[in-house]
Structures are given as C-alpha cells and as structure tokens.
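Please open the structure in a viewer and keep the selection panel at hand. The tour below proceeds by selection, with a short account of what each one shows.

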Amino acid sequence: MRHLPEADRDALRIAQDPDFPRWLQQITATGGCAHPVHLSGHTTTLDNATGEILRHYDTRNEPGERLLVRCRNRRSTVCGPCSRLHAGDTFHLVRAGLLGGKNVPASVRTRPRLFVTLTAPSFGAVHRAGQTCRPRRDGGACEHGRPLGCGTVHAPDAPAVGQPLCPDCYDYTAHVLWHAHASKLWDRFVIDVRRRLASSAGIVQSRFAHHARLSFARIAEYQKRAAVHVHTVVRLDGPDGPTDEPPAWGTTDRLTRAVHASAQRVTVRTPYSLATGELELSWGTQTDVCVLHAKGDGPDDDAVAAYVAKYVSKGTDETGAGTDHKVTTCDDIDSARVSRHVRTLMHTCWRLGGLPEYAPLRLRTWTHTLGYRGHILTKSRAYSTTYAALRAQRAHHHGHTDTPDAITDAHWRYVGSGHTPGAALIAAGVAEDIAQNRAAVRDALSAGGGAT
Ligand SMILES: [Zn+2]
Ligand SMILES: [Zn+2]
Ligand SMILES: [Zn+2]
C-alpha cells in the first residue's frame, strides 16, 4: 500500500469505509461532479391540513453528515459531467424555441426565424488562418517599425492566429470598452429592430407589443482575436408569443431587412474619460443573417441548437480568452496561462477598472472575461423554456416532487466543496460510466433504426 500514489491510497481508504455504499450513491446522484458542493441541514415536509410529517430528511444520517450536490458549472474545463448536463439543457432550450417541445408548440417552426451573427468591429490588424495572412506587395511598416503585412499561411491552431500584427497599434482600450458595452449595444439593437418593423408596417412604435413579439436566444462566442461575437436565434411571433401567429406583415423578408439595418445603425457612447475621451461603439460591418426555413425536421435547426450548446460548454482553456476564475490582483494576470494578446487585454481591463468614470462597468470584476459582463447564453422570456424548468423536470423524473397542500421547512448550510484526491478518482470513474452508458443507449437506438 505504501507504494501506491496518494490518490489510490485515499480511494482504498474511502472504499473500506462502512458508509461507502451510501457515499457512492451520492456521488452517482451528482453524475460524478468534479467539484460538488457539500451541504449540511434538514428538510421537513408537513401536511398543511393535519400537520402530519410527510417526509423528513437530515444530513446527520449521511456519510460525513453532509449531502453532496452538483457544482452545475457550465465549463468543461471546470467540471466535465456538469458541463455535459448543461450543454444538454442548452440544446433542448434552443431547440424548443426553433422546433417546439418542452411546452412550446410545434407551430413555432413556421414562424420567421433567423440565425444572426453580429460581430465586433476591428480594433487592429490580427494574424488570420486559412489563406495567405494579410498579403502586402508593397511591404510598408507601421509607426512602430513593424511590418503592415504578413504573407504567411497560418494553420488554424497556430499561436500567431488572432494575435495583433503590432500590439502598439492595436486599440486595446476600445476592445475592452466594447466588451463592457456589448450588452447595451445588444439591447439597443433589439429595440431598434422592433422600431423598424413597426415603422415599416405603419404601426406606432409604442403599439408594437399589441401586434407582434420578438423572441431571441443569444450566445456570446470569443473569436481567435478574443473579441466577442454574438450568435442569436431571432423569432417573430404574434403578441402572445410562441402560441400566437405573427401578423400578415411579419414576414421573414421584413425581419431580415430590419436586422441588417439595425446592426449597421445602432451605437453606444462610452462615458467621457480624461484618459480615453469618449468612444462611439457599434457592431462590426460583417453581419451574417441566415434564414431558417420551415421544412419539417430540417437539419438546420438541430445544427443550430447543437452549435449553441457546444459553445456554451466551452471553458477558457478551449477558447483561450481570459480565465475560468475571477482575478483579484495584477499578479493573477501575470501568472495566468494566456497569450500575450489576452494578457494585455486583461491588464487594460484592470487599468481602466481603476478609473472612477468607468466604475459602473465593474471592469476589475470582469477582467477574467476581458470586460464582457453577463452570461454566455441569454434569452427573452417568451423564447422557449428555462434552465430552471428543465432542472425541475429532471427532478420530477427522479421522484423529487413537490407535494401539493404541503409545507416544507428547510435549513441548509454550505460546509465545503470539492473532493479529496481519492474521492476525485472515484467520481471521475462514475462520470465515465455514466457517459459510456449514455453512449451505449444512443448506439442501441440508432442501430435499431429508432429516432435519434
Ligand atoms: Zn460539477
Ligand atoms: Zn500572419
Ligand atoms: Zn504599430
């Protein structure tokens, strides 16, 4: 035993514990979560009328007097099992808004639906993969003496891709401030699309909600240059949302035109700063609008949902933009495993975060995301279902239901998180078993010619 690595010895110790079977049940219930949250407490469910105790649960009877629950992190670099679960939920959430299901009527697939990509503007020339990178026959150099062209053909994963040709020419301030205002720019975009639709149909803007409803789900994706792109599903319904047909004027063409025009027009002004002045921010010139056609169970819709889901589960190790965890000091930025370009963005974020005029942007808090605040996935209320509803459905499936006419008295306390080295080993094994079982079921279904 002495020769075994520490983790193995720890795993053996856990497996010999009399509480091991129940502990393993808990680990299995978390799906083999890599960083479970440890809770201590109790919950009692009473019959509202008689006061009779229907159910009582107390962690005092559990191994280590605690209950382990999922960390629910969406990033695969932080927790594989939870990120897979989250990606699955994201897929269903986006898919339901495109094709129906999860309480959304199937008629949504006949509505005007677009998959739109809004880009960030250019903040300076960066190296590109694919074709010859920035060819320039006449050569030439910037004011810092660096070549204006490159001429190399970079592989897609080459470290140079996305890095600026000249870091001194690159507008790091604008890049960070654009990220910090991206959500505001999005809000203005949505308002402007509604406004354009209304005026093109001859409706008073304030009456738009009485005629139609614009629903969306959007994700933020970091490109190689570490600037956020916004991918979004936009759907036009009648005033009541998914259950309601749009008015006759609500056509795909009209929606497409409004989206293009708004993407080119909307702007946001940054607060005035002595250090950086005032910037006018807008979307990049390249707006991609793809019409999703209603041709039954078209592969387009599933592909869009899968694409969104896949992106949402990516951690920063995969995107290379920022870090998975917040930074609290300049030293954290210096020691982060990121490219020079991303490190400069993080330093810029930190520096600008120290200016009082930018305090509302909370740039230091969001240095790890390069100034971009908020969620990777956001959606309007009427788009489809919610993560909470999907989780509740899963709990119901496992028998944890709320009893009507009952009151629940619960007290929970956070007592820790994570695994010991041996527990981590066992949890990883459980997660692998679950993933393999799922793959086996999928294979059996497709081999049997069943629905996939
Ligand atoms: Zn987890
Ligand atoms: Zn290049
Ligand atoms: Zn330069």
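Which residue in strand 11 is the bridge partner of S40? Select S40 together with strand 11, bearing in mind that this is a predicted model. The partner is R413. This bridge belongs to the pairing of strand 1 with strand 11 (residues 406-417), which is antiparallel and extends over eleven bridges.

**Strand 1 and its other partners**

Keep strand 1 (residues 37-47) selected and add strand 3 (residues 67-69); the two run antiparallel and are joined by three bridges. Within strand 3, V69 is the residue that stands opposite V37.

Next, add strand 2 (residues 53-58), which pairs with strand 1 through five bridges, again in the antiparallel sense. Centre the view on L46, whose bridge partner in strand 2 is I53. Then move to the turn: strand 1 and strand 2 form a hairpin, with five residues between them. In that turn, select G51 and check its backbone, where phi is positive at about 80°.

**Helix 1 against helix 12**

Clear the strands and select helix 1 (residues 6-15) with helix 12 (residues 421-447). Their axes come within 7 Å and cross at roughly 80°. Helix 1 and helix 12 are therefore roughly perpendicular to each other.

To display the contact, show the side chains of E6, A7, D10, A11, R13 and I14 in helix 1. On the helix 12 side, show P421, G422, A423, L425 and I426, which these residues meet. By class, the residues of this contact are seven nonpolar, one polar and three charged.

**The two domains**

Colour residues 6-75 and 388-447 as domain 1, and residues 80-123 and 171-385 as domain 2, following the domain assignment. The centres of the two domains, taken over C-alpha atoms, are 34 Å apart. Domain 1 gives 13 residues to the contact between them, and domain 2 gives 14 residues. On the side of domain 1 that touches domain 2, six residues are nonpolar, three are polar and four are charged.

**The whole protein**

Finally, select everything and zoom out. The protein has twelve helices and eleven strands, and its C-alpha atoms fill a box of roughly 75 × 65 × 55 Å along the principal axes. Of the 452 residues, 32% are buried. Among contacts with a separation of 6 or more, 71% involve residues 24 or more positions apart.

Conventions: Residues are numbered from 1 along each chain as its sequence is written. Chains are lettered from A and ligands numbered from 1 in the order in which they are written. This is a predicted model: local features need pLDDT of at least 70, side-chain atom pairs count only at pLDDT 80 or more; totals for chains, interfaces and linings use all residues. Domain bounds come from an automatic or database domain assignment. Two residues are in contact if their C-beta atoms, placed from the backbone, lie within 7 Å. Ala, Val, Leu, Ile, Met, Phe, Trp, Tyr, Cys and Pro count as nonpolar, Asp, Glu, Lys and Arg as charged, and the others, Gly among them, as polar. Axes are lines fitted to C-alpha atoms, for helices over the stretch in contact, and angles run from 0 to 180 degrees between N-to-C directions. Helices (H or I, at least four residues) and strands (E, at least two) are DSSP runs, numbered from the N terminus. Angles under 35 degrees count as roughly parallel, over 145 as roughly antiparallel, 65 to 115 as roughly perpendicular and the rest as oblique. Two strands pair if DSSP finds at least two bridges between them. A residue is buried if 20 or more other C-beta atoms lie within 10 Å of its own, exposed if 12 or fewer, and partly exposed in between; C-beta atoms are placed from the backbone.
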